[in-house]
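Me: I have a structure open and have not looked at it before. Can we go through it piece by piece?

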Amino acid sequence: MKIAVLVNEGPYQHQASDSAYLFCVAALAKGHELQRVFFYHDGVNNASRFTEPPQDDRNIVARWTKLAEEQKVDLVVCVAAALRRGIVEGSLAPGFRISGLGQLIDSGIKADRLVVFGD
Amino acid sequence: MKKFMLVNRKAPYGSIYALESLEVVLIAAAFEQDVSVAFIDDGVYQLKKGMQTKAIATKNFSPTYRALEDYDIDKLYVESESLAARGLVAEDLITDVKLIDRAALAELMEQQDVVLSF
């Protein structure tokens, strides 16, 4: 099945982005295709390369980057939501790209399922 | 064309979900999809008439809901149980909506291709 994911919350504050990530890993392991992960609202903070959690904690941003690099997953950050929160091209961790909300609608059109992770 | 339903669950101010959800509604319409918008729980407050947001230094975006018709979005559903639980009636709302009960809304959701809830 072709699956797309929407992440509406930032890392650490809410479980949503952890759940989204674990869902993505599980879906890929089951042989599903991950069409795109779209980050909206505070979810755009998942893309910040300045994130540095304590060493004994999971690195949520690095985890997304690894997923993008190893599984060729398209990680897209909404430009309007990002700019509002001070996330610009130069703030992005590897594997993320900035684009418009149209990419979310595109996912809704192309994917068999669009799964929303929020608060 | 796919059937998109945007589900608004949160009050208009106090968090940015309502405003940013409205942006998704407009983009989905621009992509010429079959868009409907549902208001449940505190989301029904998004349509409350007479919002005055000056004191919280926030833009009042309620007029946009009235303009949705111009984007060919005329399917606005308000869950009647949520409205009643908050002491509101249809006349308290800023624009014409379809009042439907929880069971009917559930059925409507079942018919969608994409449900985005904010």
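**Strand 3 and its surroundings**

Reply: This is a predicted model. In strand 3 of chain A, A:Leu75 and A:Val77 point one way, while A:Val76 and A:Cys78 point the other way, and all are buried.

Me: Why do the side chains switch direction like that?

Reply: In a regular strand, side chains alternate between the two faces of the sheet.

Me: Which strands pair with strand 3 of chain A?

Reply: Strand 4 of chain A pairs with strand 3 (residues 75-78) in the parallel sense, over four bridges. Strand 2 of chain A also pairs with strand 3 in the parallel sense, over three bridges.

Me: Which residue stands opposite A:Leu75?

Reply: A:Phe96, in strand 4 of chain A. On the pairing with strand 2, A:Phe38 stands opposite A:Val76.

Me: What is the strand order in the sheet?

Reply: The order is 4-3-2-1-5 in chain A, an open sheet of five strands with parallel pairing. Strand 4 (96-99) and strand 5 are the edge strands, each pairing on one side only. On average, neighbouring strands of this sheet are turned by 25 degrees against each other, direction ignored.

Me: What does helix 4 of chain A lie across?

Reply: Helix 4 of chain A lies across strand 1 (2-7), strand 2 (33-39), strand 3, strand 4 and strand 5 of chain A. Relative to strand 2 of chain A, helix 4 runs at about 150 degrees.

Me: Changing topic. Where is A:Trp64, and is it buried or exposed?

Reply: A:Trp64 is in helix 2 (residues 60-71) of chain A. A:Trp64 is buried, because 26 other C-beta atoms lie within 10 Å and the cut-off for buried is 20 or more.

Me: What is A:Trp64 in contact with?

Reply: Leaving aside neighbours within four places in sequence, A:Trp64 is in contact with A:Tyr21, A:Asn46, A:Leu75 and A:Gly95. A:Leu75 is the strand 3 residue from before, one of those that are buried.

Me: And how far is A:Trp64 from A:Phe96?

Reply: Their C-alpha atoms are separated by 8.5 Å, and the two residues are 32 residues apart along the chain.

Me: Which residues touch the most others in the largest nonpolar core?

Reply: The core has 63 residues, and A:Val5, A:Leu6, A:Phe39 and A:Val77 touch the most other members. Helix 1 (residues 17-30) of chain B gives the largest share of this core, six residues.

Me: Is there a general pattern behind that, and what is it?

Reply: In soluble globular proteins, nonpolar side chains tend to be buried together.

Me: What does A:Phe39 touch?

Reply: Not counting residues up to four places away in sequence, A:Phe39 touches A:Val7, A:Val44, A:Asn46, A:Ala47, A:Val76, A:Val77 and A:Cys78. A:Asn46 is also one of the contacts of A:Trp64.

Me: What about backbone angles: where is phi positive in a residue other than glycine?

Reply: A:His41 has a phi near 50 degrees, and A:Lys72 has a phi near 55 degrees. Both values are positive, in residues other than glycine. Most residues other than glycine have a negative phi.

Me: Where do A:His41 and A:Lys72 sit, and is each buried or exposed?

Reply: A:His41 is in the loop between strand 2 and helix 2 of chain A. A:His41 counts as buried because it has 25 C-beta neighbours inside 10 Å. A:Lys72 is in the loop between helix 2 and strand 3 of chain A. A:Lys72 is exposed, since 9 other C-beta atoms lie within 10 Å and the cut-off for exposed is 12 or fewer.

Me: How many residues make the contact between chain A and chain B?

Reply: Chain A gives 15 residues and chain B gives 15 residues. On the side of chain A that touches chain B, helix 3 (79-84), helix 4 (102-110) and strand 5 (113-117) give two or more residues. Helix 4 of chain A gives the most, with five residues. By class, this side of chain A has 10 nonpolar, five polar and no charged residues.

Me: What is the layout of chain B?

Reply: Chain B has four helices and five strands, in the pattern β-α-β-α-β-α-β-α-β along the sequence. Buried residues make up 33% of its 118 residues.

Notes:
Residues are numbered from 1 along each chain as its sequence is written. Chains are lettered from A and ligands numbered from 1 in the order in which they are written. This is a predicted model: local features need pLDDT of at least 70, side-chain atom pairs count only at pLDDT 80 or more; totals for chains, interfaces and linings use all residues. Two residues are in contact if their C-beta atoms, placed from the backbone, lie within 7 Å. Ala, Val, Leu, Ile, Met, Phe, Trp, Tyr, Cys and Pro count as nonpolar, Asp, Glu, Lys and Arg as charged, and the others, Gly among them, as polar. Two strands pair if DSSP finds at least two bridges between them. Axes are lines fitted to C-alpha atoms, for helices over the stretch in contact, and angles run from 0 to 180 degrees between N-to-C directions. A nonpolar core is a set of buried Ala, Val, Leu, Ile, Met, Phe, Trp, Tyr and Cys residues joined through C-beta atoms within 7 Å.
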